[in-house]
Amino acid sequence: MADAAMPGKGIAYIHWGNSWQLRSFQDFRHYIDELIYIHDLPKVDLSRYAAVVMPDAMDAGAALPHAPQLNAYLKGGGFLVVCLQGHADWLDIPGLRWTPGNCRDWLWWTKGEKLEVRLSEPHHPITESLPLSHMSWHWGGSYNVPEGARSILEIDDGGGSLFLEFPSLPGGGRLLLATLDPHSHSGQRFMPATTRFLRSFYPWLNRELGIERPARNRFTYLQCSHVPSEWHPDGLEDSLGGAGFETFFAPLYQLGPELLEKADTLYIPSSHDEFFLKSRAEDLIQFLARGGNLIIAAEPCQPWLPFMAPFHAVPPRPFTNIKVRIRDDRFGIFSDLGDGFDGWKGVFGQYVRGWTDPPPGAIWLTDIGPEHDPKPADWIWQYPTQTGRGGYVFMHNGDNMTRYPDRGPKKEALLANIAVALRKLSTGELLF
């Protein structure tokens, strides 16, 4: 289930603990094999990696003590990617010169997608994946283009290159060098072009290296109740299949490491054995820690995972208390399901009747209860880990979701919509 490609031939990402670097790694971890703290570099054999990324937002002095190791990696045939390090004089590249420039922070805001930059001629092949609009926000200085280098992006007035490649250095190494800072601003969540850059760049880098990642499309439905509509719900395989998932069914009491190893997303419907699930809590936590996604429908009496809280019902009168209201649909889960998606044969109150308190950092998606005192009926949360690879939890405080909505062109599509959103979050197509 892990995202890692093949041992010893993956991509490493070096950081110095900066939150923007870490958040960008977390966003695009699907395409990266190893997160390396820069002060741990002396303990790491970089030759194990097909490529090493030095993201922007690196402290200027942090790379200097490790320059011999990084240059040795290049000279040994490694593929080094370096984003905005300023002068970057720790790079042992003869003839490379840095020209400082004022960082025009707000051009992207005031001028739209076209800045005073252009693609170099002839266009570098990478631009088939990264068009000019994905590289247009601002820049922080420029480089000349030494012999043997090829410019990718340059300033209109001939002021130098902002993104260039050294395709074949002595020893067979390869260097991509940019004055662009996509990890900083995508990690800060305020420059859309920087996210577009990273969404294009990391899949390109994987293709360039011939690395194929798992599609994360294995969906397992945990069969918890022998009621036929619960044991094997009609329409589930069709709706998930239409969204590109392989659907597997497994009885509750088979839940364990072997079953979880074969799942990318596990769905636990609402009527289940809390005692048994609590006995498998450690397995489920390990599943989340290595990137698995959990969709839980539950009204917990005895919360069976550490982050779960007891269920509380809302007052059932007036009737409007149990009508679900969409609060935040940034992940596109509910908006195409139609009005009243939570009604079952015209009756509300079966979809959900209460709430649980979400853990810190969760995103509250739907409301239940009085309008003046709404409670979270559905919420989503990322399991926190030191590696940044934790999976997501979608918590639904009500019924089995397989039968919603019960009509319309998106009939029975709710669970597939949730699974798609979690898959996109896991691969950087959506940001949490």
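**Entry 1: the sheet**

I began with strand β11 (residues 218-223), which runs parallel to β12 and is joined to it by 6 bridges. I picked out one pair here: Gln223 has Pro251 of β12 as its bridge partner. A reminder to myself before going on: this is a predicted model.

Next I traced the rest of the sheet. I found an open sheet of 8 strands with mixed pairing, and I wrote down the order as β12-β11-β13-β14-β20-β19-β18-β16. Which strands stand at the edges? They are β12 (246-251) and β16 (325-326); each has a single partner strand, so one side of each is left without a neighbour in the sheet.

I then looked for what lies across these strands. Helix α11 (residues 414-427) does so, over β11, β13 (265-268), β14 (293-297), β19 (375-382) and β20 (392-396). I noted its angle to β14 as about 150°.

**Entry 2: how far to trust the model**

I checked the confidence values. The protein chain has a mean pLDDT of 93, and 95% of its residues reach 70 or more. Residues 1-7 are another matter, as the pLDDT there is below 50. This stretch still has 22 contacts in the model beyond near neighbours in sequence. Where pLDDT is low, the predicted coordinates should not be read in detail, and I am leaving those contacts alone.

**Entry 3: the pockets**

I went looking for open space. The largest pocket holds about 270 Å³. I counted 13 lining residues, and those closest to the centre of this pocket are Ser229, Trp344, Thr402, Arg403 and Glu412. How does the lining of the largest pocket divide by class? It has 8 charged residues, 3 polar and 2 nonpolar.

The second largest pocket comes to about 200 Å³. Here 15 residues form the lining, with Ser19, Leu22, Arg23, Gln26 and Gly388 closest to the centre. I asked which element gives the largest share of this lining. Helix α1 (residues 19-27) does, with 6 residues. By class I noted 7 polar, 5 nonpolar and 3 charged residues for the second largest pocket.

**Entry 4: a closed space**

Rolling a probe the size of a water molecule over the atoms shows where empty space is left. I asked how many cavities of 30 Å³ or more the structure holds. There is 1, with about 50 Å³ of space in it.

I listed the residues around this largest cavity: Val81, Val82, Cys83, Phe163, Leu176, Leu177, Ala178, Pro182, His183, Phe197, Leu198 and Phe201. Two or more of the lining residues come from each of β4 (79-83), β10 (174-178), α4 (182-188) and α5 (192-208). The lining has 11 nonpolar residues, 1 polar and no charged.

**Entry 5: backbone oddities**

Most residues other than glycine have a negative phi, and most peptide bonds are trans. I searched for exceptions to both habits.

Two cis bonds went into the notebook. The peptide bond from Glu121 to Pro122 is cis, with omega near -15°. Pro122 sits in the loop between β6 (117-119) and β7 (142-143). Arg317 and Pro318 are also joined by a cis peptide bond, and omega there is about 0°. I placed Pro318 in the loop between β15 (312-313) and β16, and β16 is the edge strand from my entry on the sheet.

For phi, I noted Arg216: it is not a glycine, yet its phi is positive, about 55°. Where is Arg216? It lies in the loop between α5 and β11. That brings me back to the strand I began with, β11, and its 6 bridges to β12.

Key:
Residues numbered from 1 in each chain as written. Predicted model: local features only at pLDDT ≥ 70, side-chain atom pairs only at ≥ 80, totals over all residues. Heavy atoms only, no water. 1 Å grid on protein atoms, 1.4 Å probe; cavity = no way out; pocket = protein on both sides within 12 Å on 5 of 7 lines; lining within 4 Å. Points joined across faces, edges and corners; volume = space filled by probe spheres on them. Nonpolar A, V, L, I, M, F, W, Y, C, P; charged D, E, K, R; others polar. Helix = DSSP H or I, 4+ residues; strand = E, 2+ residues; numbered from the N terminus. pLDDT = per-residue confidence, 0-100. Contact = heavy atoms within 4.5 Å. Pairing = 2+ DSSP bridges. Axes fitted to C-alpha atoms, helices over the stretch in contact; angles between N-to-C directions.
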